[in-house]
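Student: Could you pick one part of this model and go over it closely with me? I'd like one connected account, starting from a single detail and working outward to the rest.

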Amino acid sequence: MMDRRKFIALMSSGVAAAPVGSFALAGHEGASVAKVGAPRRRPNVIFMICDDLGYGDPGCYGSKLPTPNLDSMAAHGLRFTHFNAGHPICSASRSAVMTGRYGQRTGTTGAFGPFTPGAAAEGTSLDETFLSNLFHDAGYRSKAIGKWHLGQAKEYLPTSRGFDSFYGVPYSDDMNPLPLMRDTTILEQNTDRDLLTPRYTEEAVKYIGEQDGEHPFFLYLGFSYPHDPARASQRFRGKTGLGDYGDAVAEIDWSVGEIVRAVEQKGLSGDTLICFTSDHGPWYQGSPGLLRGRKASTFEGGFRVPFLAMWPGVIAPDKVVETWCSNLDMLPTMASLCGLGLPQKPLDGVDVSKVLLGHEGAVERKPLIYFSAMGNGGLDVHCIRKESWKLRVAQGVKGEIYINDRTTGARGSAWLQHPELYDLSRDPAESYDVAKFHPELVTELMGELEAQMPSFPPHVVEAYAKLKQNKGDITTPPGASPRPFGAPVPDWAWEPDNLR
């Protein structure tokens, strides 16, 4: 394993030292000249997912952060404006990508952390079929790079879940110690966090360069940033003028450019679908755009994320997609595009391949449920959404007298005595409750929620029943955090609820 000095020297002289700027696909100097047609064969897939990147952070989503490579991806492909995470916390969202199922079905309701020797291992249930299993079974080569966060024990690591190889870390950058691993071997017990993004990039570029062009591959790249504390290598530190977070995003953008260029240099652009997204909204830093809420919140700022897709010659360039999709849809969509089998268990996501291939319009699906990340182990239901209509039935409560666990500060939830209805097509910030103007929609969505809940495991159904009994005070104003019925009103009771 190279030491820090050798690695920095490599960055200053090798592939990693390419100029910072937007890529340009050979033969595609302008996005408008790209031709769209049927794929020649099963595509390679590169799926990149950031940790805590906000909907409003990339330049192509309105940010002032310098993201020329992400902007080039948008110009050469699709930019989604209504793409949701499956959950507003790390592990549960990544499980949704890999399984196409709610984390509440897969034993993944929050964020897994390090465990000490002898402690019970945790991870996404071993009886779940991962997207990587499907790729492997279909003859794809596969590699996972970067942050995993779906289990640390050997049986939960990528090499036990359909990937041929793994290079990265088992969980978030704020957890200690943070081992850098290759497959199941620890290379560094507590790795240099400043070098994570360039190391991931070097590994990805090398992997792409090793492909023979005959065997399709699946590359999953989980960036560790801009999760707090955001880090960047010395090359990017202080470059944006927008703090550590801005520098971390700029380095991720550079990484995207290096990966796209590696695909182009290998002559694989027309055979490779490249996707870029985030696992959920931003934490303390970063921008959710004009959306309300942040990471862990069931407001749109916690759920809505950037999503870019590029596949030259197949996906139309420079197109904005307003169709509502979710990372729950990734498994069935990749299965359709790549000729993969499907798991035996029922999926919560749906095939949106027609959207990727340029067909606009709503996708037929059951309404999606928003589970809370705060309190009660991630089991509390807060919302249900059908197309642009979002019904809020419960909300997190604030303050010391309402927390479930005084040691951890975990928050609980209360059932709203007056459900709130928001039209996200006109009100993406969830500023205007219109429930009393659309009682038929409130009734319909409540009925959908009641119809879906029995399909969940018994402990989730039990938590839902208990939540409905824990009613908030009837005087709670729309949009406010409720207090339990009959509780005294503390000074902070009507603070806006922008949960982190």
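## A close look at one sheet

Tutor: Let's start with one pair of residues: Ile-384 has its bridge partner in S14, and that partner is Leu-391. Before going on, keep in mind that this is a predicted model. The pair belongs to the contact between S13 and S14, two strands that run antiparallel and are joined by four bridges.

Now zoom out by one step. S13 and S14 are part of an open sheet of four strands, in the order S12-S13-S14-S15, with antiparallel pairing. The edge positions go to S12 and S15; each has a single partner strand, so one side of each is left without a neighbour in the sheet. From one strand to the next, the twist averages 15°. Helix H12 packs on this sheet and touches S12, S13, S14 and S15, while its direction makes about 90° with that of S15.

That helix deserves some time. H12 covers residues 458–469, which is 12 residues, and spans 17 Å from its first C-alpha to its last, close to the 16 Å expected at 1.5 Å a residue. Which of its residues are buried? They are Val-460, Ala-463, Tyr-464 and Leu-467. If you look down the axis of H12, these buried residues fall within an arc of 100°, so they line one face of the helix. Turn to the other side of H12 and you find Pro-458, Lys-466 and Gln-469, which are exposed.

What covers the buried residues of H12? The cover includes the four strands we have just been through, namely S12 (368–371), S13 (381–386), S14 (389–396) and S15 (413–423), and also helix H4 (103–106) and helix H11 (439–452).

One loop at this sheet is worth a stop. Between S12 and S13 there is a loop that holds Asn-376. With a relative accessible area of 35%, Asn-376 is partly exposed. Asn-376 and Ser-413 are 37 residues apart in sequence, yet their C-alpha atoms are 8.1 Å apart in space.

From here we can move to strands elsewhere in the chain. Take S9, residues 304–310: seven of its seven residues are buried, so this strand is largely enclosed by the rest of the structure. S9 pairs with strand S2 (residues 78–84) in the antiparallel sense over five bridges, and with strand S8 (residues 272–278), again antiparallel, over four bridges. Phe-307 is a handy marker in S9: Phe-80 has Phe-307 as its bridge partner, and Thr-277 stands opposite Phe-307 too.

Strand S7 (residues 217–226) is mostly covered, with 10 of its 10 residues buried. Its pairing is in the parallel sense: strand S1 (residues 44–51) joins S7 over six bridges, and strand S3 (residues 141–147) joins S7 over six bridges as well. For landmarks, find Phe-47 opposite Tyr-220 in S7, and Ser-142 opposite Phe-218 in S7.

For a second helix to set beside H12, go to H7. This helix runs over residues 243–265, has 23 residues, and reaches 33 Å from its first C-alpha to its last, close to the 33 Å expected at 1.5 Å a residue. H7 is mostly covered, since 18 of its 23 residues are buried. Just after H7 comes Gly-267, which takes a positive phi of about 75°.

What about the cysteines? Counting sulfur pairs within 2.5 Å, the total comes to zero disulfides. Cys-275 is in no disulfide, and the nearest cysteine sulfur, that of Cys-338, is 9.4 Å away. Cys-338 is likewise in no disulfide, with the sulfur of Cys-275 as its nearest at 9.4 Å. Cys-275 has a relative accessible area of 0% and is buried; Cys-338, at 0% relative accessibility, counts as buried as well.

Finally, the whole protein. The secondary structure comes to 12 helices and 15 strands, and 59% of the 500 residues count as buried. Among contacts with a separation of 6 or more, 69% come from residues 24 or more positions apart. Back where we began, the pair Ile-384 and Leu-391 sits in a four-stranded open sheet with H12 packed on it.

Note on methods:
Residues numbered from 1 in each chain as written. Predicted model: local features only at pLDDT ≥ 70, side-chain atom pairs only at ≥ 80, totals over all residues. Heavy atoms only, no water. Expected span 1.5 Å × (residues − 1). Buried < 20%, exposed > 50% of the residue type's maximum accessible area, 1.4 Å probe, protein only. Arc of directions from axis to C-beta. Contact = heavy atoms within 4.5 Å. Pairing = 2+ DSSP bridges. Axes fitted to C-alpha atoms, helices over the stretch in contact; angles between N-to-C directions.
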